[in-house]
Amino acid sequence: MKLEVVTIPVSDVERAKTFYTGLGWRLDADFTVGDAFRVVQVTPSGSPSSVHFGTNATSAEPGSAQGLFLIVSDIETTRAELIVRGVAVSDVFHRAGPGKPAISGRDPQRRSYGSFATFSDPDGNTWLLQEVTDRLPGRVDTNTTNFTSSTELAAALRRAASAHGEHEKRNGDQHDANWSDWYAAYIVAEQAGQPLPL
């Protein structure tokens, strides 16, 4: 089974459509059946799952969807992009551990799953951005590696370059003619949550 869509409650369909497409999310569908039913489907960039909202799409109170997670590879870059799009995004924060209070700033050790920011849509449905750079084992199909933007790919290449620099130091600062193979193995392993190459 794969999660296909999450329905969120909104009070003004056109306003929600403008907001979510303004985030750069793909507009997949906008179906209307008379005056009684309308559903709009949007999909975050690179996401296999989509979001629905509309007229009589759910009986939930508008704004009652809270704590919906969006994963990003670089939280500062994503936050800056959302601000440029006119979205009010919280400052980045982290926690000392699960259930601990929020602490201002990105996780000092840049741990995967450790840095967050939040924003809300016009109805008050809240989204939590979570920086994920190294997946927990079993969380990713190891046969699939994909990136949702050039920014995400560039961040993965920077992490691979840094790790490869350490690899070359361990080998006596000799040039690695097979650097591209090493980068590829590193990026695929990182995204799949597998042990990283040395």
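In which loop is Asn-56 found? Keep that in mind while you get the whole chain on screen; we'll select the residue at the third stop. One thing before you start clicking: this is a predicted model.

**Stop 1: the whole chain**

Show everything as a cartoon. You should be able to pick out four helices and nine strands. Follow them along the sequence and the pattern reads β-α-β-β-β-β-α-β-β-β-β-α-α. Zoom until the full C-alpha trace fits: along its principal axes the trace spans about 70 × 35 × 30 Å. If you colour by accessibility, buried residues make up 39% of the 198 residues in the chain. A contact map is worth a glance too. Of the contacts with a separation of 6 or more, 53% are between residues 24 or more positions apart.

**Stop 2: the four-stranded sheet**

Now select S1, S2, S3 and S4. These four strands make an open sheet with mixed pairing, and the order across it is S1-S4-S3-S2. At the edges you'll find S1 (5–7) and S2 (26–33); each has a single partner strand, so one side of each has no neighbour in the sheet. Turn the view to look along the sheet and you can follow the twist, which averages 20 degrees from one strand to the next.

Narrow the selection to residues 37–43 and 50–55. That gives you S3 and S4, which run antiparallel and are joined by five bridges. To see how they line up, put sticks on Val-39 and look across to S4, where Gly-54 stands opposite.

Next, bring back residues 13–22. This is helix H1, which lies across S2, S3 and S4 and runs at about 10 degrees to S3.

**Stop 3: Asn-56**

Back to the opening question. Select Asn-56 and you land in the loop between S4 and S5 (68–72). Is Asn-56 buried or exposed? Its relative accessible area is 57%, which is over the 50% cut-off, so Asn-56 counts as exposed. Show what surrounds the residue: setting aside neighbours within four places in sequence, Asn-56 is in contact with Ala-36 and Phe-37. You can also draw a distance to Val-39, the residue from the previous stop. Asn-56 and Val-39 are 17 residues apart in sequence, and their C-alpha atoms are 8.1 Å apart in space.

**Stop 4: the five-stranded sheet**

Hide that region and select S5 through S9. Here five strands form another open sheet, again with mixed pairing, in the order S5-S9-S8-S6-S7. The edges belong to S5 and S7 (102–104); each has a single partner strand, so one side of each is left without a neighbour in the sheet. From one strand to the next, the twist in this sheet averages 40 degrees.

Start inside the sheet with residues 93–95 and 115–120. These are S6 and S8, an antiparallel pair joined by two bridges. Put sticks on Phe-93 and you'll see Phe-116 of S8 standing opposite.

Then swap S6 for S9 (residues 126–131). S8 and S9 pair in the antiparallel sense over five bridges. One place to look is Ser-120, whose bridge partner in S9 is Thr-126. The two strands form a hairpin with five residues between them, and in the turn sits Gly-124, with a positive phi of about 100 degrees.

**Stop 5: the second largest pocket**

Which residues line the second largest pocket? Select Ser-73, Asp-74, Arg-110, Ser-112, Thr-133, Asp-134, Ala-155, Arg-158, Arg-159, Tyr-186, Glu-190 and Leu-196, and you have the lining. The elements giving two or more residues to it are helix H3 (150–170) and helix H4 (179–192). H3 gives the most, with three residues. The pocket has a volume of about 230 Å³. Colour the lining by class and you get three nonpolar, three polar and six charged residues.

**Stop 6: Leu-157**

Stay on helix H3 and select Leu-157, which is found there. Leu-157 is partly exposed, with a relative accessible area of 37%. Beyond its neighbours within four places in sequence, Leu-157 is in contact with Tyr-183 and Ile-187. For a last distance, draw a line from Leu-157 to Gln-194: the two are 37 residues apart in sequence and 17 Å apart in space, C-alpha to C-alpha.

Notes: Residues numbered from 1 in each chain as written. Predicted model: local features only at pLDDT ≥ 70, side-chain atom pairs only at ≥ 80, totals over all residues. Heavy atoms only, no water. Pairing = 2+ DSSP bridges. Axes fitted to C-alpha atoms, helices over the stretch in contact; angles between N-to-C directions. Contact = heavy atoms within 4.5 Å. 1 Å grid on protein atoms, 1.4 Å probe; cavity = no way out; pocket = protein on both sides within 12 Å on 5 of 7 lines; lining within 4 Å. Points joined across faces, edges and corners; volume = space filled by probe spheres on them. Nonpolar A, V, L, I, M, F, W, Y, C, P; charged D, E, K, R; others polar. Buried < 20%, exposed > 50% of the residue type's maximum accessible area, 1.4 Å probe, protein only.
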